[in-house]
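Trainee: I have a model open and would like to go through it with you. Where should we begin?

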Amino acid sequence: MVEKVNYVVGILFIFFIWTIASYLINSQLILPNPLSVFLTIADEITKQIFWMSLVQTLSKVLVVLFSVVFVGVVVGFLVGLNDILYEISRPFILFMQAFPIVTWLALVMFIWGIGWTGPVVVSFLSLLPNAILSTAVGIQTTDKRLIEMAHVYNVRKSRILKDVYLGSIIPQFVSTLQVVIGNVWKVVVVAEYMCGEKGIGVLIAWARQSVSVEKVYAYTIVIIAIGLIVESIVHRLVRRLLKNWELA
Amino acid sequence: MGISVNDVILSVKNLEKFFGKLKVIENLSFELLKGESIAFLGPSGCGKTTLLKIVAGIDKNYNGYIQKHFSKIGYVFQEPRLIPWKNVIENILFVCNDEQRVLSILKTFSLENFAHYLPSKLSGGMKQRVNLARALISDPQVLFLDEPFASLDVHMKLSIIEDIIEKRKIGNFSMILVTHDIREALLLADRIILLSDKPSRIIGEFKTKHIPKSALSEEFQKMESAILSEVMRRWSV
């Protein structure tokens, strides 16, 4: 209960600082006050285009999330199981990780132009290296003594993969999931802003063009709020899932 | 009555093992008979675990000859090596698919009330019991024990030793124990082989099959003193 109260106090503190700052800056073009932003949100949520854009962004987030987790775990698993493959692929994965998002954006726009595919591909490519590396590290840090025990008892390889390796990567998988969920919204919105046709990122781009700063802040707050709600749900699910992974 | 070739279940000749340039086992030869129990008694870090891993077939990188006439083994590791996210019953099912057998062995080891506990919720002794139950579930021909009582209190140690003695009476499996504890060796072995410090080689042997398996008996204490004085002389303590 105390934690929840402190959390609410923390949020109120943000709005307090925001109100003071907007009063001191005194420019609606730089930092509009919270009240005008919330009035804008109230107005926007009555419009059909807002909800359609939100669904568009949400669909991209879900596609990116599932594809990153699926491909990341499968590739990370294979890479982690084979030391040579890990050493060969590591520079490539690190290179991909260091690749600036804008470069991906430029390349994607050349290939697919503006639309649904661009933001999804850019977000996927930006988040995938982290998922692969953390899964591979999870596989490589599997307790070798458990593997030795399994070999002593002639346990089938498929069973070792399922019961030992898969179990070992769960903590890494969960932290990767949390990182991906925390970042996927930001990356998708940026990609939409640059090369999207529909979505919250596109609405932010339009608001910028029409110098409607309240709208920029309003869409940002909506995205942050949804992101936090999703993160909190995942966090709870993860805590329940991880109960069995409490080590001695 | 002499020992026939058919009685030998394991034969090791001129075994040598190097870690890089460091020789850890030197010219080691011995035989294990069907139903026999041997204890290798050696100082800490002399290569006992390495020796056990080689004869159990875990470590295949060695020089020398090993002839095995067994296929099913049980291995009681020094640390229990239980899968942390699996409960007791799942840990044993990991090595044996027969659920009825697993339930039965849990009962034998008085673990039935802990079947659904995760390893993190078990005491050190309980974990070691599960380790032993897992080793015996498939009726091994040879049971390997790698200092399995190192982290246990005296009560738990004696209780598990009793369990092993009982199971041997029923299963009549052969056994190889490595330890640095004379009493453990005396309680469990028919023969004690004394190893030197690194590189490990055989420096003495004691036949202990006839010794009553009770630390209170006079014969047991005499043998313990004899081994202790040999150990004091040979291990530079």
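Mentor: Let us begin with chain A, where 42% of the 248 residues count as buried. Please keep in mind that this is a predicted model.

Trainee: How many helices and strands does chain A have?

Mentor: Chain A has ten helices and zero strands. Its pattern along the sequence is therefore written α-α-α-α-α-α-α-α-α-α.

Trainee: And what box do its C-alpha atoms fill?

Mentor: Taken along the principal axes, the box for the C-alpha atoms of chain A is roughly 70 × 50 × 30 Å. Among contacts in chain A between residues at least 6 apart in sequence, 74% link residues that are at least 24 apart.

Trainee: Moving on to the interface, how many residues of each chain are in contact?

Mentor: On the chain B side there are 23 residues, and they are in contact with 19 residues of chain A. Together the two chains bury about 2,000 Å², and carbon and sulfur atoms give 64% of that area.

Trainee: Which three residues of chain B supply the most of the area it buries?

Mentor: They are B:R81, B:W85 and B:F94, which supply 39% of the area that chain B buries against chain A.

Trainee: What about salt bridges across the interface?

Mentor: The rule finds four salt bridges between chain B and chain A. In one salt bridge, the side chains of A:R145 and B:E79 meet at 4.0 Å, N to O. Seven residue pairs across this interface are in polar contact.

Trainee: Which elements of chain B supply residues to that side?

Mentor: Both β5 (73–76) and α4 (124–136) of chain B each supply at least two residues to the side that touches chain A. By class, that side has 13 nonpolar, three polar and seven charged residues.

Trainee: You mentioned α4. Is B:G124 in that helix buried, partly exposed or exposed?

Mentor: B:G124, which is found in helix α4 of chain B, counts as partly exposed because its relative accessibility is 41%, between the 20% and 50% limits. Its C-alpha atom is 6.7 Å from that of B:L152, a residue 28 places away along the chain.

Trainee: Last topic: which residues touch the most other members of the largest nonpolar core?

Mentor: That core has 145 residues, and B:L10, B:F30, B:F40, B:V55 and B:F144 touch the most other members. Helix α8 (residues 157–195) of chain A gives the largest share of this core, 16 residues.

Trainee: What is B:F144 in contact with, apart from its neighbours within four places in sequence?

Mentor: Its contacts include B:L52, B:V55, B:F70, B:Y75 and B:I176.

Conventions
Residues numbered from 1 in each chain as written. Chains lettered and ligands numbered in written order. Predicted model: local features only at pLDDT ≥ 70, side-chain atom pairs only at ≥ 80, totals over all residues. Heavy atoms only, no water. Core = buried A, V, L, I, M, F, W, Y, C linked by side-chain atoms within 4.5 Å. Buried < 20%, exposed > 50% of the residue type's maximum accessible area, 1.4 Å probe, protein only. Helix = DSSP H or I, 4+ residues; strand = E, 2+ residues; numbered from the N terminus. Contact = heavy atoms within 4.5 Å. Buried area = accessible area lost by both parts, 1.4 Å probe. Polar contact = N/O pair within 3.5 Å; in protein donor to acceptor, adjacent residues only side chain to side chain. Nonpolar A, V, L, I, M, F, W, Y, C, P; charged D, E, K, R; others polar.
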